[in-house]
Amino acid sequence: MKKLTLLVFSLRHAQGIAILFLLAACASAGPTTLTVMTHDSFAISEDVVTSFEEANNVDVVFLQSGDAGSMLNKAVLSKDAPLADVMFGVDNTFLSRALAADIFDAYQSPALSAVPAEFVLDSSFRALPVDYGDVCINYDKNYFAENNLAVPQSFEDLAKPEYNGLLVVENPATSSPGLAFMLATRAYFGDGFLDYWQSLKDNGVVVVDGWETAYYTNFSASSGNGNQPMVVSYASSPAAEVFFAPSPLTESPTASIIASGMCFRQIEFVGIFKNGQNRDLAEKFVDFMLGEQFQEDMPLNMFVYPVNEAAQLPDVFVNFAQIAENPAMLSYEEIATNRDAWIEAWAEIMK
Amino acid sequence: MRNNLLNYGDTKTWRIKFLRILVSPWFSRLFLWLAPLLFLSIFFFYPLTKILTLTFDLETFTDPNNLRITQHATRFTFYQATLSTILTFALGLPSAILFSRFDFHGKSLLRALTAVPFMLPTVVVAAAFNSLFSYKVTGSMLQVFNLQPSTLNFLLILTAHVFYNTTIVIRIVGNALSQLGPRIEASARILGADTFRTWRHITLPLLRPSLLAAALLVFMFDFTSFGVILLLGGSNFATLEVEIYIRALQLPNLNLAAFLSVIQLIFTLIFSILYTRTINQVQTQTAPRFSTARPPKTIKEKIFVATLTLLLSSFFFLPLVSLPVRSLTRLEPDRGQRDQVQYGFTTDYYEELFINRRGSLFYVPPVQAAVNSLGFAGITVLLSLALGYPAAYALAKPTRLEKFLDPFLMLPLGASTVMMGLGFILSFGRLIASPFFIPIAHTLIALPFVIRTLQPALASIPERLRQAASTLGASPFRVWQTVDFPILSRATLSAATFAFTVSLGEFGATLLITRPEYPTIPITISRFLSQPGGLNYGQAMAMATLLMLLTTLSILLIEKLRFNNAGEF
């Protein structure tokens, strides 16, 4: 008897599954759905999406497709029949690949008028800037105070014996902040950056796969209570520490080293897929992403800075986040040509 | 009239013919294979072929740099998988004996606990280990033993593999051991064999099929290890799977990624063929026995039980218990100048889970995440049992067809999930965003487990028992009910547990593109861990604790079910 019920139960489920499948098929065929491909770090407030949906009578569906690199490669692979209409999240370290693969259609959004020209890297308007952020070293204020240790102020300082074993970085082959930091050293040292990494290695630099491990397992000022008081993270991370503190703080436990050339500026872009559906809606969504409402919502969701100059920053950003005054810059064409070779050479040194 | 009769007669012979075909061994075999093969063709072989035909290129073979990378990754993959498997058996085999032969306090809880790591995301396991052995401890260990940091990384990888996979040995070998019963051993003893000889000549040969099955599964899991290597290996170690991930998605060289995946697939096929060959050489049928466990009697047995339970609890319980501890502790106090620092116990993280502070579209109430996780796991169990049963039935009495098909069933375990994910995109396009694909991806990974768990049990059912039952007048269903089912209930529950854990642990999640409407617990955890801040970390630990409780309870429930069933017979 028991078995019989089980059989009936599973049959019912099979039906349910079939219905689910049909529903899914119907949902994806609907004319008023706009699909937006993003990386896993994308976040947005519900009411902001709703206001766009209501104003344009559309359903916005987000597809989170892995980290920025994975997302881009999935998009390139499916470019003839794209999985979405719009893609957000490709940054200046990957931009050239997106442009070379020719996955985007050009769209010169009128909203660009509020965006400084320095962010508009693609003059053909296939990829439009949405936000930026600086990858910098964060340090544990308390550790440096307690040990009477000066905070390093240059790349060269980091290789000094007093900082032996105190820095954790991410592998540039598997992590986007890791890659950004390596690019900053490349911009600073030129071809000599590999010798510099050799000296960091000799000075006990710790390499991990990604930001999560670096920040939560190794960094001493995070709740993970790790062993390294310096970590490669973002200039906005100290603000996030305050915003996500279990009890209200007047000061962040961490700060960023924003000395000249030590940070790398990441700019994230949005583009409209070639061969996508809903071109009109896609354009409206791009305008919306560059508009003030979305731009002001973004900082507390993704801890990045708006490119729209009119957008107001939240208080916690004004008070606790830092911006690098002189971030390292490499043209995206130069990154495109050398990126893989640099990473391979780096990996060879750090073995 | 006559005409009609004739017609009727024709229909009748036709019907009989049809029935004959239906009951013919040839047709029933085909029928058994229909669903599993259809599933694997659509969701495995089709996407795999699609991505490989696009990206595989023999010219990859001529580049010396590619060859060097391939050789390096292959060597390391074999090395760590072999060591990990040996270590896993070193702990798993005694544990299997412990759980199948002895009764002691807290047995079911301990057994359930050994399965929990299998389901926890790698990041959480790393956090658990980390909070247990702080870096200061490992730092001094490095100095004392004069180890290189990379040696420590390697040791951590091995430990994590043992932590994850011991449960496979306990379940598969333990099952076989309890089915064996102590009587055969007792007879050997009476005939004058000592413990060693009894094991060597009686127990081990009888256990061979399940030992091989467990070894194959553990080895395959270590062989294709991905998250553990990436997370604990630093930048020093890369298995084939890690190298495929890097070449496919990070430093794009899809040709090399395809080449590496083909190598990984070929090895998987070789292991499976070797397994099938050896397992078909010996096939001992034993009568089923139930509940052979008893409390330890002699001093030797008591020492064995005490030491092993202590070892297992400290290995599994301590890291796991550190998660709930972390989720309830406030760690801020000793840092910097802060206002009114509160110290110690807190339930803030749990309360915060229920608040959508930023009004985020991606916020999920924890109950919803749990319901999603359990729902997908439930569907995965049903789907993988429905597909695994017929396949295991056919495999239990292999004909030429089965001997040919058998090795291919293991391939999903050896296929790179990264490449499969790309294959899915090429094959199904926009459909892969449908939530329906989540249990399908989980079933792909669970199916080899289910089949490998059911097959030895099915093969061990003595044909003479079935024949005896039929001779005594039992209907085929009654034969199944009284002979097959009691033996199978144990294996079925094991198989179900595997499918359930594979799904809760989100194996093969990299296959997919996620939609925020259906996040599972592991996805929520990784969302919390993607931003800085004490609340995020605390909530991740709280969510991980919920996942742990949920999985422990589910496993205890499944085990409970087992004992009720066993009681019926």
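# Exercises on a two-chain model

Strand β5 (residues 128-140) of chain A runs antiparallel to β8(A), and 5 bridges join the two. This is a predicted model, so keep that in mind as you work through the exercises below.

## Exercise 1: the surroundings of β8(A)

Work out which strands pair with β8(A), in which direction they run, and whether β8(A) is enclosed or open.

*Step 1.* Start with β5(A). Its pairing with β8(A) is antiparallel. To find a spot on your screen, go to C136(A), whose bridge partner in β8(A) is S233(A).

*Step 2.* Now take strand β6 (residues 167-170) of chain A. Here 2 bridges make the link to β8(A), and the two strands run parallel. Look at L167(A) this time: M230(A) is its bridge partner in β8(A).

*Step 3.* Check burial. Strand β8 covers residues 230-234 of chain A, and 5 of the 5 are buried, so the rest of the structure largely encloses the strand.

*Result.* β8(A) pairs antiparallel with β5(A) and parallel with β6(A), and it is largely enclosed.

## Exercise 2: the two domains of chain A

Find the bounds of the domains of chain A, then describe the contact between them.

*Step 1.* Write down the bounds. The domain assignment gives domain 1 as 2-132 + 267-320 and domain 2 as 133-265 + 324-350.

*Step 2.* Get the spacing. Taken over C-alpha atoms, the centres of the two domains of chain A are 29 Å apart.

*Step 3.* Count the residues in the contact: domain 1 of chain A gives 19 and domain 2 of chain A gives 19.

*Step 4.* Look at the domain 1 side. The elements that give two or more residues to it are α4 (95-100), β5 and α13 (315-320) of chain A. By residue type, this side holds 12 nonpolar, 3 polar and 4 charged residues.

## Exercise 3: three loop residues in chain A

For N148(A), F303(A) and S331(A), decide: buried or exposed?

*Step 1.* Recall the cut-offs: a residue is buried with 20 or more other C-beta atoms within 10 Å, and exposed with 12 or fewer.

*Step 2.* N148(A) is in the loop between α5 (141-146) and α6 (155-158) of chain A. It has 6 other C-beta atoms within 10 Å, so N148(A) is exposed.

*Step 3.* F303(A) is in the loop between α12 (292-302) and β11 (305-306) of chain A. There are 25 C-beta neighbours inside 10 Å, so F303(A) is buried.

*Step 4.* S331(A) belongs to the loop between α13 and α14 (332-350) of chain A. Its count is 11 other C-beta atoms within 10 Å, so S331(A) is exposed. The C-alpha atom of S331(A) is 8.8 Å from that of L121(A), although 210 residues separate them along the chain.

*Step 5.* Now check the backbone. Most residues other than glycine have a negative phi. N148(A), not a glycine, has a positive phi of about 50 degrees. F303(A) also has a positive value, near 55 degrees.

## Exercise 4: where chain A meets chain B

How many residues of each chain are in contact?

*Step 1.* The contact involves 70 residues of chain A and 62 residues of chain B.

*Step 2.* On the chain A side, helix α1 (residues 2-29) gives the largest share, 7 residues.

*Step 3.* Sort that side by type: 32 nonpolar, 27 polar and 11 charged.

## Exercise 5: a helix pair and a leucine in chain B

Describe how α20(B) packs on α21(B), then place L320(B) in its surroundings.

*Step 1.* Set the scene: chain B has 23 helices and 2 strands, and 46% of its 569 residues count as buried.

*Step 2.* Helix α20 (residues 463-471) and helix α21 (residues 476-504) of chain B pack at about 145 degrees, with axes 10 Å apart. The crossing is right-handed.

*Step 3.* Name the residues in the contact. From α20(B) come L465(B), R466(B), A469(B) and S470(B), and from α21(B) come V479(B), T482(B) and V483(B). They divide into 4 nonpolar, 2 polar and 1 charged.

*Step 4.* Move to L320(B), in helix α13 (residues 299-327) of chain B. With 23 other C-beta atoms within 10 Å, L320(B) is buried.

*Step 5.* List its contacts beyond four places in sequence: L113(B), V116(B), A128(B) and M548(B). The C-alpha atoms of L320(B) and V124(B) are 9.6 Å apart, with their positions 196 residues apart along the chain.

Note on methods. Residues are numbered from 1 along each chain as its sequence is written. Chains are lettered from A and ligands numbered from 1 in the order in which they are written. This is a predicted model: local features need pLDDT of at least 70, side-chain atom pairs count only at pLDDT 80 or more; totals for chains, interfaces and linings use all residues. Helices (H or I, at least four residues) and strands (E, at least two) are DSSP runs, numbered from the N terminus. Two strands pair if DSSP finds at least two bridges between them. Axes are lines fitted to C-alpha atoms, for helices over the stretch in contact, and angles run from 0 to 180 degrees between N-to-C directions. A crossing is left-handed if the near helix is turned anticlockwise from the far one by less than a right angle, and right-handed if clockwise. Two residues are in contact if their C-beta atoms, placed from the backbone, lie within 7 Å. Ala, Val, Leu, Ile, Met, Phe, Trp, Tyr, Cys and Pro count as nonpolar, Asp, Glu, Lys and Arg as charged, and the others, Gly among them, as polar. Domain bounds come from an automatic or database domain assignment.
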